[in-house]
Amino acid sequence: MNEIAKIRPQAEDAAEAGTLPHNIEAEQQLLGAILTNNDVYDRVASVIQSHHFYEPVHARIYEVAAARIQKNALASPVTLKAFLEDDEGLKELGGPAYLAKLAGAAISSFAARDYAQMIYDFSIRRELIQLGRDISDKAAHVSVESEPKTQIVEAEQALYKLGEQGQSESGFQSFLRAVTDAVNVANAAYQRDGGLAGISTGLIDMDTKLGGLHKSDLLILAGRPSMGKTSLATNIAYNIAKTYKRGTLPDGSEGAVSGGVVGFYSLEMSAEQLAGRILAEASEISSHKIRQGDMTEEEFRRFVEAAKQLEACPLFIDDTPALPISQLAARARRLKRTHGLDVLIVDYLQLVRPATAKDSRVNEVSEITQGLKAIAKELEIPVIALSQLSRAVESREDKRPQLSDLRESGSIEQDADVVMFVYRGEYYKEREKPGDENMDAMAKWMEEMDRLHGKAEVIIGKQRHGPIGTIELSFEAQFTRFGNLVKPWQQGAGGDF
């Protein structure tokens, strides 16, 4: 059964690089198993495809057999003979008689998946070797058009694409398993005395409404400029990172038992600017004062102390501009592998680039939102993506945003599990200040400003697994900090809210 090895002992480039990794016998025996028992194909179809075979003739045999089996037709040495008798490669191996020899070398069906996995692994090894050669050749060829940084990006994308191969869907699972997973989530919340099933944002009313941040969810946080989208996102990121504790999870694995590791893609601001905002919140010193260096000795001491505490926070920032969605996914995957990852934040969605240019912006945004949802499901983490709103908000009397205000709203609204809007009435009211000569209007305006001062709303416009509604928060502009708002009935109750 080693006819192929006799006829083709080496790959075409073997003379310069040695034989590429492969196992001809495994390919022969797997094909034999499929030709003698077509049910074997269903066991291996999710693992290998025709291009994973090293021997081209084997690839063609597998392809023809698969096509017939998918049509509920028999694939055997006799039925395949008519389709392959003119195949030049098969003629070299003995013609249709070779198909009969394959059937004679069949392995037992229970071992078929292991053989398929072996063939797949050898295929990936060959692709890695070829990729390495391509990278080496490109690096050796010096040209103005191909900068080293560009080559690194291309190499990363090629590796990402290779890494995505074979990540087949999990397929159907029993209802028992699905119910068990649902019970485990409910049990986790029950063990916290009716607390959260997800990760706490550090904002009580938001946690109550959302039940925390849930695994595999895509949350869209949208708003007009100056509403505080980035501030709210950094507040949530800081709240999660500073409460991070690692321990043993209910299923026995190691992970975050409180808080979590946060990855923050800051596509608009630099990492230094983002860190400045978080430092302002943590030290309770105006971000303007920090930038100007206009601090008292006591404030500077507080600032340094806050910086020391932040050093231990598992908050990772990537401020690379205009990242394609494919690279964003690859870097998130790498962060989870090296440091762990419990929450991912993207600021903001419209600055992410699609993997390839599309014919319309709507299609590009659709690819990006689908990519972000795929990251959430694959890494089993909540992903918070910030989004801009259209100017339609400004033309209405009531400036509170709604779902139709989302730019390219169709795909964003469809793919998101939660859509939230940040709204600060104080920002708009401040721009309606009447002239000093109109005392009545001025008095009414000041009364409204006093009512709205230091307050913000987060409007939940969509929640796939929970209620919609409005969450009231406090907002301290000087520290760019959102917080829990004390309710009237809590006044004088003591303690922190």
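In which sense do β1 and strand β8 pair, and over how many bridges? The two strands pair in the parallel sense, over 4 bridges. This description rests on a predicted model. One of the pairs can be named: Leu221 has Met420 of β8 as its bridge partner.

The chain as a whole comes next. The chain holds 21 helices and 11 strands. It has 497 residues, and buried residues make up 44% of them. Contacts with a separation of 6 or more were also examined. Residues 24 or more positions apart account for 68% of these contacts.

Strand β1 belongs to an open sheet of 9 strands. The strand order is β5-β4-β6-β7-β1-β8-β9-β10-β11, and the pairing is mixed. The edges are formed by β5 (315-318) and β11 (481-484). Each edge strand has a single partner strand, so one side of each is left without a neighbour in the sheet. From one strand to the next, the twist averages 25°.

In the sheet order, β1 stands between β7 and β8. Strands β1 and β7 run parallel and are joined by 6 bridges. Here Gly223 stands opposite Gln388 in β7. On the other side of β8 comes strand β9 (residues 455-463), and β8 and β9 run antiparallel, joined by 6 bridges. Phe421 stands opposite Ile459 in β9. The parallel pairs of β1 and the antiparallel pair of β8 with β9 illustrate the mixed pairing of the sheet.

Is strand β1 buried or exposed? Strand β1 spans residues 218-223, and 6 of its 6 residues are buried. Buried means under 20% relative accessible area. The strand is therefore largely enclosed by the rest of the structure. In a regular strand, side chains alternate between the two faces of the sheet. Both faces of β1 are covered. Leu218, Ile220 and Ala222 are buried on one side. Leu219, Leu221 and Gly223 are buried on the other.

Helices were examined next. Helix α13 (residues 229-242) has 14 residues. From its first C-alpha to its last, α13 reaches 20 Å, close to the 20 Å expected at 1.5 Å a residue. In α13, 13 of the 14 residues are buried, so this helix is largely enclosed by the rest of the structure. Helix α14 (residues 271-283) lies across three strands of the sheet, namely β4 (262-266), β5 and β11. It runs at about 145° to β5.

A helix pair was also described. Helix α5 (residues 56-70) packs with helix α6 (residues 77-84) at an angle of about 115°. Their axes are 10 Å apart. The crossing of α5 past α6 is right-handed. On the α5 side, the contact involves Ile61, Val64, Ala65 and Arg68. These meet Thr79, Leu80, Phe83 and Leu84 in α6. The contact residues divide into 6 nonpolar, 1 polar and 1 charged.

The loop between α5 and α6 contains Asn72. Its phi is near 60°, a positive value in a residue other than glycine. Is Asn72 buried or exposed? Residues over 50% relative accessible area count as exposed. Asn72 has 77% relative accessibility, so it counts as exposed.

A positive phi is also found at Glu380, where the value is near 55°. Glu380, too, is a residue other than glycine. It is found in the loop between α18 (361-379) and β7 (383-388). That loop leads to β7, the strand joined to β1 by 6 bridges.

Note on methods
Residues are numbered from 1 along each chain as its sequence is written. This is a predicted model: local features need pLDDT of at least 70, side-chain atom pairs count only at pLDDT 80 or more; totals for chains, interfaces and linings use all residues. Side-chain values use heavy atoms; hydrogens and water are left out. Axes are lines fitted to C-alpha atoms, for helices over the stretch in contact, and angles run from 0 to 180 degrees between N-to-C directions. A crossing is left-handed if the near helix is turned anticlockwise from the far one by less than a right angle, and right-handed if clockwise. Contact means heavy atoms within 4.5 Å. Ala, Val, Leu, Ile, Met, Phe, Trp, Tyr, Cys and Pro count as nonpolar, Asp, Glu, Lys and Arg as charged, and the others, Gly among them, as polar. Buried means under 20% relative accessible area, exposed over 50%, partly exposed in between (1.4 Å probe, protein chains only). Two strands pair if DSSP finds at least two bridges between them. The expected span of a helix is 1.5 Å times one less than its number of residues.
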